[in-house]
Every structure is written in structure tokens, then in C-alpha cells.
Amino acid sequence: MRGALRTKPHMERKIIRELEKLLGRDAVLSSREDLLMYEYDGSVEEAKPDCAVFPRTTAEVVSIVKLATRHGVPIVGRGAGTGLSGGALAVQGGVIVVFSRMNRILEIDAENMRAVVQPGVVNLDVTRAVEHLGLYYAPDPSSQKSCTIGGNVSENAGGPHTLANGVTTNHVTGLELVLMSGEVVRVGGRTCETPGYDLTGLMVGSEGTLAIVTEITLRLSRKPEAVKTLLAVYNDVADAPETVADMTGRAITPAACEMLDGWTLRAVEAFVHAGFPLDSGAVLLIEVEGLAEAVEEQAAVIAEICKAHNAREVRVARDAAERELLWKGRKNAFGAVGRFSPSYYVQDAVIPRTKLPETLRRIEEIGKKYKFQIGNIFHAGDGNLHPIILFDQRDPEQFKRAVEASGEIMRHCIDAGGALTGEHGVGMEKNELMPLMFSNADLDLMQRVRAAFNPDGMLNPGKVLPIGKGCKEVRIPPQGAAAYPTL
Amino acid sequence: MTSTFSSSNSSASSAQRASDGRASLAARIAEKFGAANVIADAAPLAAYEVDGMQPAAAVKVGSGAEIAELLQFASAEKLAVIPSGGRTKLGIGAPPARYDVALDVSRMNKVLAYEPRDLTLGLEPGVRIAELWGVLACEKQWLPLIAPFAERATIGGVLATDSASPLRHAYGGPRDFTLGMEFVTGYGAAAKSGGRVVKNVSGYDMHKLLIGSLGTLAVITRANFKTFPFPPARDVFVAHFENSVAAMEFCHAVQRSALEPRLVEVISPEAAKLISAGANAPLPLSSNGWSVALGVAAHERVVERHARELAALATQTKASNFVRLGGEDQSEILNPICAFPTHVLAADPGAAIFRIAALPGVMAALAERLAAVAAGVQLEHATVLRPHGLLFFAVMNPPAAAPDAARLARAAQEIFRAAEDLGAKARIEWAPTELKRAVNVWGEARPDFQLMRRVKQIFDPENILSPGRFAGGI
């Protein structure tokens, strides 16, 4: 839908032929039909690339980067295309570098709890490869059966269990990078720290705008001894967030704490049959994990807190199968919602968790104002909301209203002291909203950081930072330059 | 003779000019920033000394706006500025290339926001760690930072030095629970990154660069944290072993079990002697074998289970002693262990302390090899290691022997080599200036240093912030 913003000319045919020569014809797609699926990701955005390439090695990535740089062609990295902010779309056309052939787990070091993987490895495959050793990879985005580690690193992906375990950046210790100059540099490593600036921390979550990641060293975690999953059922949606705030007050940090409102849980139940009561106003899906004694104790206290906040029922999953079914309900929610509307717009915003009740009321008002059904499913434990606006993308007027409604939700969240995105990234969806959260000086500095790594702006252009005034490309003066860099 | 005379005369006059220049700089700074908050006399300025260098003036700033003004002034005048808080860790890093102004943030010591129900906290950089505990304890919360020099150390300094907390294994380090920062860049722009909520991926995580940057990129004016509920029960257990291999075997057994100790400190007999000498009360550490201290913080039943199972694992791995301290004794042992650098430097101000990140699997081998290096050059040594991946190794001059910088430098080179051979990453955290001038405290140059220099150029294009103290000559 935003492809109209493209300002770069289409790639010349000879560049595609050069790519075919470098990588082989089976590693380059350039026909209109072949590229169709690379025009989309999990967001409502779309943009047409000029070609898609499928490197097998870091050396091939280097050759792609050098060729693209020589011709001034944009480059965009892409994992499985499940992102929700347009991060993997070629908004200015150019080459999409798809990592599906760089999908090997290079090493598992169980003793030191590390795995070295290529960017195209699917998130859940890491856990599958190490679970026999009693280990797992903690970040668990809902799309973990298909999303890739490379994409997770770019977006600093989260997931329901990041409440206790942290997001991607907390589980990455080192990266191999291909810079826009074509150099290959390693930052961080396997050890828990590396002397010098935390470049790994800067790269994770930079949405593929600073360098291309070709290898990732992950920290693995030990599987907890015990897990308990509780489903608390409420008649009144307002009681669920009160429960969450109270849990914190009682020194309990569950491994996950998810909320579905009445409309959403009914949509999910019709699709997944997870056992969510159809007549309820909201459910909380809470998981505790750790040592058996701790889990038992915490589950008992949580049940008590839920009841104190008018939960009409607190159900504990009896076995792994029941637990999995409850989670299936949560993780397939977006798909379930898709059955009710031609399009849906999943939002991602964060608020201080004590502001949950008033924010839910505000979202309802915004839904009424713009005449949309807005479902609410979110990571209640960390205040990470995912309001889902149901609309019809084929109707431009509805699309415009959906974007406006979304903007109003975002503004409310920022005013409440929150953040633009908790785990989906800024991408091309929210780059123009960045000034809501950041000053010109903040954005100026981010722009300078980007220019230091991506001087021509050809690496994933049109993402993260606003394209408008004050954020055109900045050239960095040579070391020791007398004047400050100016815009 | 004549030339000697005229040369010394000329150097005396150039020293005089330099001294006049510094006095006039101090006067200009006092005029600009108010005499009340500017220190220009030599005696109090000694407190701001870094590696034997004294600034011309120290400015006790009161706000981000003042910091911006000072850094804009310093950028225009090309004055080197070193930020400080409690001044407990100014000795960390390479000797500065230049030093004109000390930027003291200790007056900026307010808790700006604390929302216990949201588990969020916003602090000015000068908040002292020890005072912070009082604030958080009222709400039964805490930040999992046990920092050396906690009485004087400030949160800004702990972040700028990435002070290694023994709790990092369980809770992560500052990079894991810092939500965002506000700061002033070297070119004097107030900027921020991250946010104030517990989850956020909006924009580049520039604040992560500031953690451990030794004040070379920006001056922190506010840091936002995720706080943690304080566990209801806690205890400390200590097991004694004949040697480092046996101690590490016990640690690996604990790591393979379901148990979840919140901190594990492995202490060599030499380190135990230093720590015990510096503590107020007798400590249950072995002076002829290796000790493992484990801290547990959880529900009571979980603590009890640790007591049972740790004792069993200690027996299995042939511990010579296993002690349960009881909850109240926790700080009495943990604080002295954490203050290991203080005890080393008290015993030998000429000592060097290495901070080495290593994989758990090589820890025992590394500890042995380092001890052999020190013994090979007849230097004393002491080790405190955290089996999840960090080792502190002190090399000291023998008692009654004159400090021998050349010998220390030789040992340092070998220690760097030993670490590299085992895939570990070493740096010297504490050392006498003489050694720091002879040996690069950051170790050998690495390819990623060029990226770090690019980052430095963005944040501090005039190279005025802590010049020369950081890795890669930054």
C-alpha cells in the first residue's frame, strides 16, 4: 500500500544478470509472479522488490552487498517474512536478500550453553535441536514455528515468555556482520562480555539498517523443572489488569501473563477450541515455571489474587496437552481473527502496566469513534498491547480510518508514558510516528549512527527513522574534523 | 652547561605558561558556571586525579542543561572532560591522553521516578548505590546490582564502568535491565534512547553503547531501570574444596541440576585471605583450599531445598566443609567478596587486577594457567571467579619486595596470551599507571575497534570525552 512512496528507479536488467552470474540462476528471482510473495510480510504494508536473491554463504552475501553498493541499489534482508512492521519489505525496490538457504545450526555447545546459527534458522528449530540436552532457546515469538533467528535479531523479537526471560537482545552474545563496505566483522562473541562498546547490543533491534547479520551466537537456557499454566476467567474485562498489577505487588513475576478480551477469546475459541469460556469478559493466561516448590507456591498465590479480583474461575492445565492447547489459542489468535474480517491491523504498543485499565477503556472509545471492532490480546505482564483493528483493506477509506485509529491508540500509549513498539519494530509502519516519542536531537543522533554504518542509506531504506524533514542522509566528517556534523 | 641551563629555563617558563593557562581556564570556567560549583584549588582537585593527571577545574553540575553547556564549551575549546560520580572507579581504563575539566555529577542525585507497581525506576546519575537500596527496600524491591564501593559508588559510574555484579548470571547485567537513558553527547546535545517501560524496541538502543563506555561517548543524565521484587527468603552456603578443579566440578554439578542459586563465587585461598583480612568479622572461607559461596533468594521452601541438595552435591564432589550461613549473615560475607578489588589494592596498591570473560568450560584450566604465570615470575596472585563466565585475577608484588613494574608487565603479557589461547577475553581493570602506560589494558587490537571508533566519532566528534581511556585508543 505504501509502495507508492518509492523514489528509486527500477533496477537495470544487467544487474540482475550479474547477480545470476554471481549466485547461479537458481538463486535469483526476478519475474513479477516469482516476486509476488516478497511484496508482503505480516504487516498491512506492501512494496515491490526488483529481485530476490538466496545466498548460501557469508561470501555470497559479501558479493551481493558489493554489487548492490556499486550500482547504488537498495538491499533489504529477509527471513521468513513474518514481521509485523514492514521491516523486510523493499520500500525503495532493489534486492531482497532472503536467508532461507542460510539455515544451518553451525554448532551446539551444550557445556557452555551456546548455539551458533545462520540467520535463516527457524526460531523453534533451535529449541528442537537442543531440547534433548535439557536446554531451550528462550525468546518465543508467536510465529516461532516459522520466523527466523535473523529476523528475530533484526527486530529484537519478544514473545509471551519474555516477561521473565527477556527479549532477543538478552540472548544474543555475538554476531557476524557484513558491512556496507563488504567487510566481514565479528562483534561480541561467545563469552558473556567483550571489552569495548556493546556493538552487539546496538545491532540487535536495528531492523537491518546498520549491517547484514550472517551468523548469530545464541545463549541457551536450561529447561525449567516444573511449569504450571493457569487460566483465569473474568466476567468484567476491567478486573484482569487489576490482577496483573497486584501480582507485581506480591513479588510474583510469572514466566508469561497474557490477556484476551471477550471478543478476541470468542474468535479464538471458534477456531482453536482451546477451552476459553464463550460468555466471559476476559481471560488471563498465566504461566509460572522454575523449581517445583516455587511453581506450586506461586500458582497458589496467583489463584488467590485472581479470585480476589473477581475471577469466576481459575483453571490449572492438568497436563502438557491441555497447556499446549491453551497456548495454541493464544499463539494462533491473529489467524483466528483473520476469519472474521478481510483484513486486520495488529498494533504493538507498550504502556506502564498500571495504565492497562484506562487504556483498555480508551481503545474501546477509539473503536466506537472510528466504527471498527478492535480486539485486544496482549502481553499483560509487561504492558505490551496488541490491539487488532478489523477492517477491509480493499476499501481505501477504511484503510485510512484504520491507520488514523491506530495513530490515536499510539498517541494515547505514548502520553501514558509508554513506547511505540514493544516487539514488532518500527519498520515502515511507525517511522513517521517516531517524533511522538523522540525529539529532533534524539532522531538526529540515531540518523548519525545509521549514517556511520550505512552511509548511502541503501541498506533497508525507509525504515525506523522518519523520512521527512530533518532526517535526510547525513555525511559523517572525517576523524578530527573541526566542525560538528550538521544536518 | 649553558644549553642545559637555557633548556631548563625554557621548560620552567613553559611549565609556568601551562600553569597560568590552567589558572586562567579555571577562572573562565568559574565565571561561566558560577564559582560556588567550580573547584579550582589544587588540594581539592587532587580528588579528581586520574592516573596522576589533575584537571584545571572540576565543575559540580546540577542539571542536564548545565552539562550540555559545559560540553559545548569544552568542544569549542577542545578541552578534555572526564565525567565522574563517586570517583571510586576513575582508575579503570587506560591513562587519559588529556585532562582539563572534571565533570562531577554527584549533585544530580535525585530519584526522578519510581513506580513500584510498574516495576520501573528513573534515576539521576549521582544517586549512590547504598542510598538506592533504602528507597527500593521500602517497596520490597531491588536492582540486582551488588557493586564494589557501594557506599560511595553512583549509578552513573556503575553504568559507565559496567561494574560486574555477582548477580549477573541470574538477573543479567545493567544492559539487561536498563530500559533507557537520557544523556548529553560530546558535542553537547541532550538526547535519549530506549524508554521508561519494561519492553520497548523503538529506535536504536544507543544507551547500550554507553554501558561500559567509561564516559567516552556521552554523560548520562537519567537512567531508567526495571526493578525486581525482593525474594521473600534468602541464604548463603559455602563449600570448601582442595583445589580449583574440585571447586569447579561442584559448580558444574550445580549448573547441571535444577537448582537456581542467584550467585556463585569461587574464591582461591589467596583471595580468601585478602577478603577475610578486609572484613570486619571472621568469614567461613578456606585459607588453604578453594571456597564456593552460593547465594539463594527465593521462597522459603525453595531455599530449604537448596540447603538439602547443595549439601548432597558438595558431599558427592568431595567438599571438605559445607556451611549454611543463615539469612541474616548474607551481606556480611557477600559484601567483602564483592569488594575483592578493594582488598587487593589495600594490600598492594601496585597490584594489577584482570577482568577476564571466559566460557564456563575453560574456567578451571584458565585459573590454573594464570596461577602458573604469576608463580613463574615470582608474583603473588589471587582469584575470584564466577563460573558462568567471569574471572578476576589479581597479581601482586610479594610482601616486603619493592614494586617491580617490569615483572608485572611481563606477567600481564602472558596473562593476555593465556586468556586468548583459551578463547577468553581479558582486560586489566585495575593497575598502577606505570603498568598501564607499558601494557594496553584493553588487550590486543581487534577488527571491531574500527566500528567503535566510528561510534565515538558520532557521539564525540571533537574527542573531548575521556580521551584515550577506552579500547582502540578511544
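1. Before anything else, one bit of vocabulary: two strands count as paired if DSSP finds at least two bridges between them. With that in hand, look at Leu177(A), whose bridge partner in β9(A) is Val185(A). The pairing behind this joins strand β8 (residues 172–178) of chain A to β9(A), in the antiparallel sense and over five bridges. Keep in mind throughout that you're looking at a predicted model.

2. Now zoom out to the sheet those strands belong to. In chain A, five strands make up an open sheet, ordered β5-β6-β10-β8-β9, with antiparallel pairing. Its edge strands are β5 (105–109) and β9 (184–188) of chain A, each of which pairs on one side only. On average, neighbouring strands in this sheet are turned by 15° against each other, if you ignore direction. There's a helix here too: α3 (residues 58–71) of chain A packs on the sheet and touches β8, β9 and β10 (212–219) of chain A. The direction of α3(A) makes about 50° with that of β8(A).

3. What about chain A as a whole? Its secondary structure comes to 15 helices and 20 strands. The C-alpha trace of chain A spans about 65 × 55 × 50 Å along its principal axes. A compact globule with 487 residues would have a radius of gyration near 23 Å, and chain A agrees, having 23 Å. Of the 487 residues in chain A, 58% are buried. If you take the contacts in chain A between residues at least 6 apart in sequence, 71% of them join residues at least 24 apart.

4. On to chain B, with the same kind of overview. Here you'll find 17 helices and 19 strands. Chain B has a radius of gyration of 23 Å, close to the 23 Å that the globule rule gives for 474 residues, so chain B is as compact as a globular protein of that length. Its C-alpha trace spans about 75 × 65 × 45 Å along the principal axes. Buried residues account for 58% of the 474 residues in chain B. Among contacts in chain B with a separation of 6 or more, 71% come from residues 24 or more positions apart.

5. Chain B has an open sheet of eight strands, and it's worth tracing on screen: the order is β15-β12-β14-β13-β17-β18-β16-β19 (chain B), with antiparallel pairing. The edges are β15 (321–324) and β19 of chain B, and each pairs on one side only. From one strand to the next, the twist averages 20°. At the β15(B) edge, strand β12 (residues 233–241) of chain B pairs with β15(B) in the antiparallel sense over four bridges. If you want a residue pair to click on, Ala239(B) stands opposite Phe322(B) in β15(B). Towards the other end of the order, helix α15 (residues 405–421) of chain B lies across β16 (352–357), β18 (390–396) and β19 of chain B. That helix, α15(B), runs at about 145° to β19(B).

6. There's also a hairpin in chain B to look at. Strand β5 (residues 111–115) of chain B and strand β6 (residues 120–123) of chain B run antiparallel and are joined by four bridges. Val111(B) stands opposite Leu123(B) in β6(B). Four residues lie between the strands of this hairpin, where Leu119(B) takes a positive phi near 60°.

7. Next, a helix pair in chain B. Helix α10 (residues 269–278) and helix α13 (residues 340–347) of chain B pack at an angle of about 90°, with their axes 9 Å apart. Angles of 65 to 115 degrees count as roughly perpendicular, and α10(B) and α13(B) are therefore roughly perpendicular to each other. Residues of α10(B) in this contact include Leu274(B) and Ile275(B), while those of α13(B) include Phe340(B) and Val344(B). The contact of α10(B) with α13(B) divides into eight nonpolar residues, three polar and no charged.

8. Finally, how do the two chains meet? In total, 68 residues of chain B are in contact with 71 residues of chain A. On the chain B side, the elements giving two or more residues are α7 (174–177), β9 (190–194), α8 (206–210), α11 (300–316), β19 (425–430) and α17 (449–459) of chain B. The largest share of that side, seven residues, comes from α17(B). By type, the residues of chain B that touch chain A divide into 33 nonpolar, 17 polar and 18 charged.

Terms used
Residues are numbered from 1 along each chain as its sequence is written. Chains are lettered from A and ligands numbered from 1 in the order in which they are written. This is a predicted model: local features need pLDDT of at least 70, side-chain atom pairs count only at pLDDT 80 or more; totals for chains, interfaces and linings use all residues. Two residues are in contact if their C-beta atoms, placed from the backbone, lie within 7 Å. Ala, Val, Leu, Ile, Met, Phe, Trp, Tyr, Cys and Pro count as nonpolar, Asp, Glu, Lys and Arg as charged, and the others, Gly among them, as polar. The radius of gyration is taken over C-alpha atoms; the globule rule is 2.2 Å times the number of residues to the power 0.38. A residue is buried if 20 or more other C-beta atoms lie within 10 Å of its own, exposed if 12 or fewer, and partly exposed in between; C-beta atoms are placed from the backbone. Axes are lines fitted to C-alpha atoms, for helices over the stretch in contact, and angles run from 0 to 180 degrees between N-to-C directions. Angles under 35 degrees count as roughly parallel, over 145 as roughly antiparallel, 65 to 115 as roughly perpendicular and the rest as oblique.
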